[in-house]
Amino acid sequence: MAAMHEEEPKEGKECANCGETQGLGLCSRCHSAYFCSRKCQKAYWPFHKEFCRRNDFADMIEQDEPKFARFIRRHGKVAVLKDDEVERIERADKATSGYSRDEVMQSMYGNANPIAIRPKYNAEDLRKMALKEEEESRVRRIEGPQEKSWNAIQVPDMLGIQQEKCKWFQNQSYVEIYYRLPTNARTHRVNVDLQPRKLSIEVEGEKVLDGTLFAPIKKDMSTWIIQDGLVEITLLKRYRRGLYEPGKTNADTFWRSIFLGAPEQETLQVEYPPSVYYATEYEKETQSAKFPKSSNRPMIDRSKERR
């Protein structure tokens with residue numbers, strides 16, 4: 001808080017009234033002025049009373065922090081510390097580099113109108129602070145439905161790829177694709193076109209995914225849905241475990257990307273299907289598939305639709 005008085009400190013210890021330097025006693029109220037006798041104290045009272053103030057906080061800390069108490073009394077501080085001030089003092093007390101605790105307290109209470117000194121940190125301090133701030137920001141972030149659903153989708157190693165807006169993975173029968181819509185996207189302005197050899201996703205009139213599929217699909221057994229701001233597409237492979245192209249094997253049912261000719265970062269960099277692929281689930285009775293026949297119209301949760 002602002003200083004309560006601007007009385008200049010006395011040089012040395014002497015009676016405020018007569019200047020005597022022996023047998024001095026402090027004013028029991030403000031602990032700032034010295035007097036050699038009660039007579040001098042009474043004589044000087046008309047001048048001293050304007051500046052005589054009790055400081056309970058200084059009284060409380062004087063035994064353990066005499067220097068801090070003098071700072072506060074000398075400049076008439078009322079001891080109200082905000083959380084960030086307390087944290088600054090505590091950090092300075094524990095720090096192995098930078099300003100000392102006394103220097104921080106001096107900057108806060110060592111003059112009538114204190115201005116905090118600029119902190120000084122080395123490169124390692126700054127790196128640790130940045131990491132801590134990043135972690136705290138991540139923890140504080142409130143996840144919405146889209147964020148929660150997106151984070152819940154786990155892409156198995158070597159069976160798919162995760163990108164900023166798109167995730168996909170596969171088993172021996174299906175390919176599942178998840179596309180993250182913009183937060184302001186309107187579901188009735190989202191369209192997915194499924195064809196036996198092609199796939200495109202259009203949002204607000206703009207194609208965000210489009211190309212020739214890595215391998216043919218069964219269009220009538222594939223479908224898509226919009227939920228929690230994600231387009232979820234399930235493609236039934238035309239050639240899958242138990243149903244192979246002539247002269248081919250189960251190894252040839254493995255997809256390395258969503259589209260033919262995909263760039264390297266969108267392609268699984270494997271020469272042969274990983275062994276984990278052959279342990280994935282597959283549909284034995286695809287004629288009674290779990291997904292309804294596709295009509296190229298979305299199944300949309302209207303309660304979550306953004307308009």
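## Salt-bridge exercises

Arg-189 and Glu-204 pair up through their side chains in a salt bridge, N to O 3.2 Å (a side-chain nitrogen of Lys or Arg within 4 Å of a carboxyl oxygen of Asp or Glu). Keep in mind that this is a predicted model, where local features need pLDDT of at least 70, side-chain atom pairs count only at pLDDT 80 or more, and totals for chains, interfaces and linings use all residues. Residues are numbered from 1 along each chain as its sequence is written, and side-chain values use heavy atoms, with hydrogens and water left out.

**Exercise 1.** Work out which parts of the chain Arg-189 and Glu-204 tie together.

*Solution.* Start with Arg-189, in the loop between β5 and β6. Glu-204 sits in the loop between β7 and β8, so the pair ties together parts 15 residues apart in sequence. (Strands are DSSP runs of E, at least two residues; helices are runs of H or I, at least four; both are numbered from the N terminus.)

**Exercise 2.** Find which residues the shared salt bridges join into one network.

*Solution.* Glu-204 also forms a salt bridge with Arg-186, with the closest N and O atoms 2.8 Å apart. Sharing partners puts Arg-186, Arg-189 and Glu-204 in one network.

**Exercise 3.** Decide whether Arg-186 is buried, partly exposed or exposed.

*Solution.* First, the cut-offs: buried is under 20% relative accessible area, exposed is over 50%, and partly exposed is in between (1.4 Å probe, protein chains only). Arg-186 has 32% relative accessibility, so Arg-186 counts as partly exposed.
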